[in-house]
Number of protein chains: 2
Amino acid sequence: MTVKIGVLGYGNLGRGIESEIRKNPDMELYGVFTRRDKASVKAAEGTRVFNIEEAADHKDDIDVMILCGGSATDLPKQTPEYASMFNVVDSFDTHANISEHFDSVCASALKAGKTALISCGWDPGMFSLARLYGSCILPSGKDYTFWGKGISQGHSDAIRRIEGVLDARQYTIPVKEALEAAKSGEKPELTTRQKHTRECFVVAKDGADLEAIESQIVNMPNYFADYDTTVHFVTMEELKRDHSGMPHGGTVIRSGETGPENEYKDVIEYKLKLDSNPYFTSSVLLAFARAVARLNREGKTGALTVFDIAPAYLSPLSGEELRKHML
Amino acid sequence: MTVKIGVLGYGNLGRGIESEIRKNPDMELYGVFTRRDKASVKAAEGTRVFNIEEAADHKDDIDVMILCGGSATDLPKQTPEYASMFNVVDSFDTHANISEHFDSVCASALKAGKTALISCGWDPGMFSLARLYGSCILPSGKDYTFWGKGISQGHSDAIRRIEGVLDARQYTIPVKEALEAAKSGEKPELTTRQKHTRECFVVAKDGADLEAIESQIVNMPNYFADYDTTVHFVTMEELKRDHSGMPHGGTVIRSGETGPENEYKDVIEYKLKLDSNPYFTSSVLLAFARAVARLNREGKTGALTVFDIAPAYLSPLSGEELRKHML
């Protein structure tokens, strides 16, 4: 059977879904739903564009609605709202609020008999799975998560809000020595500053006080103050030419020990190297949307996370085929 | 609640379970069951040793029996047999026979209302999961599995069966250039010979024909003929001193592409570096035994593989704790 996918929000993630769904022959793009003026939206050939207000009219035609809004203001409202009409998948990543988000989405989905997967993608998502599997199969051990090298949208935005800044991109870079130490099996204690550096490419307005901008960046609490941060001022042309991609990735490490005397060291490493963060994330969301459609058909309703989904549900192959070709 | 574990077969894997269960506070070793004379078995302090014939008498006291026999002759018989009395976990790894094994175990477990997980460990097991997740989240792509550097028991045994050989250890070694090529995102075609080399340490009998032994090793079909193989003759002392460990590991790589023109390359890498293959495998079996106990309590019976188990079942933590600390 075909899984019909709706896309709510047509930014980088929405465009990613529109592209990556073509690599899944058992899935079909029903259409995208946007807040913008439909006529102004340039979608790929064959993509139907609807206004977000029309979504409810299509609730019986869509197997899973993938919510592509942001975690700050969109998803806390949208996910519970749309889970009352659709099976949904979101990529909610505001860590501190996941429990609250889960509860509100769960109540809405249960009431409607829908299935709602929250916090999907790669972190939270695939990295969460790596942390969970690692901690369960090596209960005596230590976790490390490294991010990058990659563009952090949140940090880039924070720089853009500084007075005198026209545009900016921020790279999060894992420190090679720290990464090697984490993989060594020696379970080092690593501080925030030891694990990552931050590199910023900033376009300033004509006549702006560059020293003041740099100082505001490197001393910004939460975002930069705890890191060694480098600031480069570049022209808008240079920024567009050299820093317009959205690469990302990272590594989750579980360093543990086995043996009666803990004499054996074991290191598990899960690493992603991604040319495009939003396209990869979209691809992950689609695999989990397949699982959500199936689970709903089996009567499993309410909110879920990636932890609650047996891996076989992600695959278009049957159990028999999986045992034959993947095990 | 506590999960009571029985161990059937008291070799390397059985000893691994006996050791690693202590790192899981919610689990308890009920006892080990052996084919040998009980009195001759030296178990750890506090471990109860039973004869294998006594197993049936304890069927109501054990939540999960972990079957630690070999795939060649033990498990094809034992897993269906014990699945008629116990929830079981095995590490059956004869690839060509997995479907048949699954079916026979499933029939037995279903009839008895038991839950039976087959082919658990790291390959099959964690590597299978890496392959499955990788292929689902990057449907357009290519898989690579590299093993080692590590001791292959099967290959070591094959050498030991050659006339004139007293003892032997065989290391499977991934070729660095092939590993780098697979991680490059370029999706190279790699032959068996390009991916791994094999290095053998052999103790020959006094007066044995070393050239004949070497020739028999490097030309052995299936085991060595398709590989570049190096043979070193060593003394028994050297073998025991330098090659008595059981390190292993390997890497599963999914190299895929996203984007409307497949212009973005993504590489997923799952790597294990293990000082002790049997102790790590035991640790994996225990995490999955926890899941099996729970699934049986929920009424899920029959045969399963690692693909069928939602990751949350592996953890002693509640869903709420997992969402808070692992997501």
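A:Arg254 is buried, with a relative accessible area of 7%, where buried means under 20% relative accessible area, exposed means over 50%, and partly exposed lies in between (1.4 Å probe, protein chains only). This residue is found in strand β12 (residues 248-258) of chain A; helices (H or I, at least four residues) and strands (E, at least two) are DSSP runs, numbered from the N terminus. Measuring along the chain is not the whole story for a residue's position, and A:Arg254 and A:Gly70 are 184 residues apart in sequence and 30 Å apart in space, C-alpha to C-alpha.The model is predicted, so local features need pLDDT of at least 70 and side-chain atom pairs count only at pLDDT 80 or more, while totals for chains, interfaces and linings use all residues. Residues are numbered from 1 along each chain as its sequence is written, chains are lettered from A and ligands numbered from 1 in the order in which they are written, and side-chain values use heavy atoms, with hydrogens and water left out.

Two further buried residues of chain A have polar contacts. A polar contact is a pair of N or O atoms within 3.5 Å; within protein, one must be able to donate a hydrogen and the other to accept it, and residues adjacent in sequence count only if both atoms are side-chain atoms. A:Arg290, which lies in helix α10 (residues 277-297) of chain A, counts as buried at 1% relative accessibility, and its side chain makes such a contact with the side chain of A:Asn24, at 3.1 Å. A:Glu20 is found in helix α1 (residues 12-20) of chain A and is likewise buried, at 1% relative accessibility; a polar contact of 2.8 Å joins the side chains of A:Glu20 and A:Lys23.

The next topic is salt bridges. A salt bridge is a side-chain nitrogen of Lys or Arg within 4 Å of a carboxyl oxygen of Asp or Glu, and by this rule the count comes to 32 over all chains. The table gives some of them.

| Salt bridge | Closest N to O distance |
|---|---|
| A:Glu269 and A:Lys183 | 3.4 Å |
| B:Lys142 and B:Glu189 | 3.4 Å |
| B:Asp167 and B:Arg160 | 2.8 Å |

In the pair A:Glu269 and A:Lys183, the glutamate lies in strand β13 (residues 264-274) of chain A and the lysine in helix α6 (residues 176-183) of chain A, so the pair ties together parts that are 86 residues apart in sequence. A:Glu269 is buried at 5% relative accessibility, and A:Lys183 counts as buried at 19%. For the pair in chain B, B:Lys142 lies in strand β7 (residues 141-147) and B:Glu189 in the loop between α6 (176-183) and α7 (192-195), so parts that are 47 residues apart in sequence are tied together. B:Lys142 is partly exposed, with a relative accessible area of 22%, whereas B:Glu189 is exposed, with a relative accessible area of 66%.

In the remaining pair of the table, B:Asp167 is buried, with a relative accessible area of 14%, while B:Arg160 counts as partly exposed at 24% relative accessibility. In chain A, salt bridges that share partners join A:Asp157, A:Arg160, A:Asp167 and A:Arg169 into one network.

On the surface, A:Glu100, A:Asp103, B:Glu320 and B:Glu321 gather in a patch of negative charge. Patches are made of residues with over 30% relative accessible area and no salt bridge, with like charges joined within 9 Å and nonpolar side chains (Val, Leu, Ile, Met, Phe, Trp, Tyr) within 5 Å. Helix α3 (98-112) of chain A and helix α11 (319-325) of chain B each supply at least two residues of this negative patch. B:Glu321, found in helix α11 of chain B, is partly exposed, with a relative accessible area of 35%.

Some features of the backbone of chain A complete the report. The peptide bond from A:Asp123 to A:Pro124 is cis, with omega near 5°, and A:Pro124 is found in the loop between β6 (115-117) and α4 (126-137) of chain A. The peptide bond from A:Gly148 to A:Lys149 is also cis, with omega near 0°, and A:Lys149 lies in the loop between β7 (141-147) and β8 (150-151) of chain A.

A:Lys187 has a positive phi of about 50° although it is not a glycine; this lysine lies in the loop between α6 and α7 (192-195) of chain A and counts as partly exposed at 28% relative accessibility. Phi of A:Asn262, another residue other than glycine, is also positive, near 55°, and A:Asn262 has its place in the loop between β12 and β13 of chain A, where it counts as partly exposed at 30% relative accessibility.

Conventions: Areas by Shrake-Rupley, 256 points an atom, 1.4 Å probe, with all protein chains shown as cover. Lys, Arg positive; Asp, Glu negative; His and termini not counted. Charge placed at Lys NZ, Arg CZ, Asp CG, Glu CD.
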